[in-house]
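Colleague: I'm still new to reading models like this one. Could you take me through one part of it up close, and then show me how the rest fits around that part?

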Amino acid sequence: MSQHPIDIPGAALGGIAPLPPGVGQSEAQLPSVRPERAPYLVVSNVSKMFKDFTALKNVSLDVREGEFVCFLGPSGCGKTTLLRAIAGLDIQSSGTIHQGGRDISALPPEERDFGIVFQSYALFPNLTVRQNIAFGLENRGMKRADVTARVDELLALIDLAAHGHKYPSQISGGQQQRVALARALAPSPGLILLDEPLSALDAKVRIHLRQELKQLQAQLGVTTVMVTHDQDEALSIADRIVVMNMGVVEQVGTPQEIYDVPASQFVADFIGAMNFMEGTVVNGSDARVGDVTFALRRDGLANGAAVVLAIRPEDVLVADADPQSALLHPNRIAAEVENLEFLGSYLRMYLRHPAFPAKPLVAQTTQTLARALQIVPGKRLDVILPPERLRVFDRLVAHGPASGATSTVAKGGTVHD
Ligand code: ATP
């Protein structure tokens, strides 16, 4: 987590009325992902240098009106730097940012139209909850009666109507973060920026609050960008996720797209659990891994090309050992259960096969099926890797384990499918 200023009067609490979406921009400038909603925030070729270190490299993306977008990636990938560029807290070295059709690229924060919430709640400790929420409104010269009405409305919205008189130290962390959100929302900004707003809270509160946040955002329809390194948070809350790695955008997509069709080996590895197997293309549409040939749902691969196959544990099918099943399933191997891991209603199996000498193949199944198959360590199973669930990436560099091994750590590569 980067360091942030505690409070940014004016800028942090919004102010400038946005122009209608699309003003001043040609269609060609606006990436088209969801035509039903207009792009509201458009980031084009943004790069950010800190001396000779490049924190962002040619980042381009759009956020549609009313959308909830998460910037997700490992520590140091540039999420906060991008958020700060959007806020004007750290101007980008090159590239442009448009909000509501207005070029805000060079504007200071106080001339932009956003509300922001940081990980640290950044509430004024000497002001009550009411006064904290009212702070930005009074600074804008709003009439006292209007301020009171707006604060009442927001207190009701965040379910803290009975706590307006309390000071921040007298309410819980989750409640403080709701107050910080209400304060950011108070002037009705066009954009809400959230920088890891839930990460200081304990797990239970975090999960509860992320659902509340999602509901509130949907109810208000305010365009929202949230930085997080927590993939569960991003998958559960975002309309679309921007996956970042080392200053570049690896993929932009819905949670389902990111999970089901990762666009790069990095995304496949970063989101969820994944088995990786290094292989070599044979017959144009198969891959050889050790002594096993796997059919792929891909034509036109160059024979001899080095590839990485990827499959999620829940996509690996298991059945009782049956020599006949080899005729039905092209990607069937006979493997032995090495180890088991109980995950509540699921069971994770570590499977040994000579094709994967370095690491076991991980499969996941329901406890119900595991009981029916009487799965125990040492049991031999038929294991099927359905061709349609196998993803294929170029193997650009020889990373990690030797050929034929499975691995959950592998970097680089381009999607084939
Ligand atoms: P985290 O989840 O840890 O906050 P992040 O993805 O938000 O990570 P950033 O804070 O955007 O990462 O930082 C991206 C890179 O830029 C990091 O390598 C960081 O050290 C570097 N960086 C950020 N701010 C500065 C700065 N003011 N001066 C120099 N380098 C910086």
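Modeller: Let's start with Arg84, which is buried because 23 other C-beta atoms lie within 10 Å. The cut-off for calling a residue buried is 20 or more such atoms. Keep in mind that this is a predicted model. You'll find Arg84 in helix α1, which covers residues 79-87. If you skip residues up to four places away in sequence, Arg84 touches Leu89 and Asp90. Now look for Pro109: Arg84 and Pro109 are 25 residues apart in sequence, yet 9.5 Å apart in space, going from C-alpha to C-alpha.

Next, have a look at helix α2, residues 129-139. This helix is mostly covered, with 8 of its 11 residues buried. Among the buried ones are Val129, Arg130, Asn132 and Phe135. What do the buried residues of α2 pack against? They pack against α3 (144-157) and α4. Just after α2 comes Gly141, which takes a positive phi of about 80°.

Phe135 is a handy residue to zoom in on, and it lies in helix α2. Phe135 counts as buried because it has 20 C-beta neighbours inside 10 Å. Leaving aside neighbours within four places in sequence, Phe135 is in contact with Phe124, Leu127 and Arg183. You can also pick out Val151: it sits 16 residues from Phe135 along the chain, and their C-alpha atoms are separated by 10.0 Å.

Now for the sheet. Strands of a sheet pair through backbone hydrogen bonds, either parallel or antiparallel. Here, 6 strands form an open sheet, and the pairing is mixed. Reading across, the order is β6-β7-β8-β3-β9-β10. The edge strands are β6 (114-117) and β10 (248-253), and each of them pairs on one side only. From one strand to the next, the twist averages 15°.

Zoom in on the β10 edge and you'll see that strand β9 (residues 240-245) runs antiparallel to β10, with 5 bridges joining the two. In that pairing, Asn245 stands opposite Val248 in β10. Over towards the other edge, helix α4 (residues 173-185) lies across β6 and β7 (191-195). Helix α4 runs at about 170° to β6.

What about the inside? The largest nonpolar core has 110 residues. Those with the most contacts inside this core are Cys70, Phe71, Ile86, Leu193, Val242, Leu309 and Val383. Helix α4 turns up again here, giving the largest share of the core, 6 residues. Domain 1 (27-260) and domain 2 (273-407) both give residues to this core, so it lies between them. To get a feel for this packing, click on Cys70: beyond its neighbours within four places in sequence, it is in contact with Met226, Thr228, Ala234, Ile237, Ala238, Ile241 and Val242.

One last thing to check is how sure the predictor is. The mean pLDDT of the protein chain is 84, and 84% of its residues reach 70 or more. Over residues 1-34, though, the pLDDT is below 50, and this stretch has 70 contacts in the model beyond near neighbours in sequence. Over residues 398-417 the pLDDT is below 50 too, and that stretch has 68 contacts beyond near neighbours in sequence.

Conventions
Residues are numbered from 1 along each chain as its sequence is written. This is a predicted model: local features need pLDDT of at least 70, side-chain atom pairs count only at pLDDT 80 or more; totals for chains, interfaces and linings use all residues. Two strands pair if DSSP finds at least two bridges between them. Helices (H or I, at least four residues) and strands (E, at least two) are DSSP runs, numbered from the N terminus. Axes are lines fitted to C-alpha atoms, for helices over the stretch in contact, and angles run from 0 to 180 degrees between N-to-C directions. Two residues are in contact if their C-beta atoms, placed from the backbone, lie within 7 Å. A nonpolar core is a set of buried Ala, Val, Leu, Ile, Met, Phe, Trp, Tyr and Cys residues joined through C-beta atoms within 7 Å. A residue is buried if 20 or more other C-beta atoms lie within 10 Å of its own, exposed if 12 or fewer, and partly exposed in between; C-beta atoms are placed from the backbone. Domain bounds come from an automatic or database domain assignment. pLDDT is the predictor's confidence in each residue, from 0 to 100.
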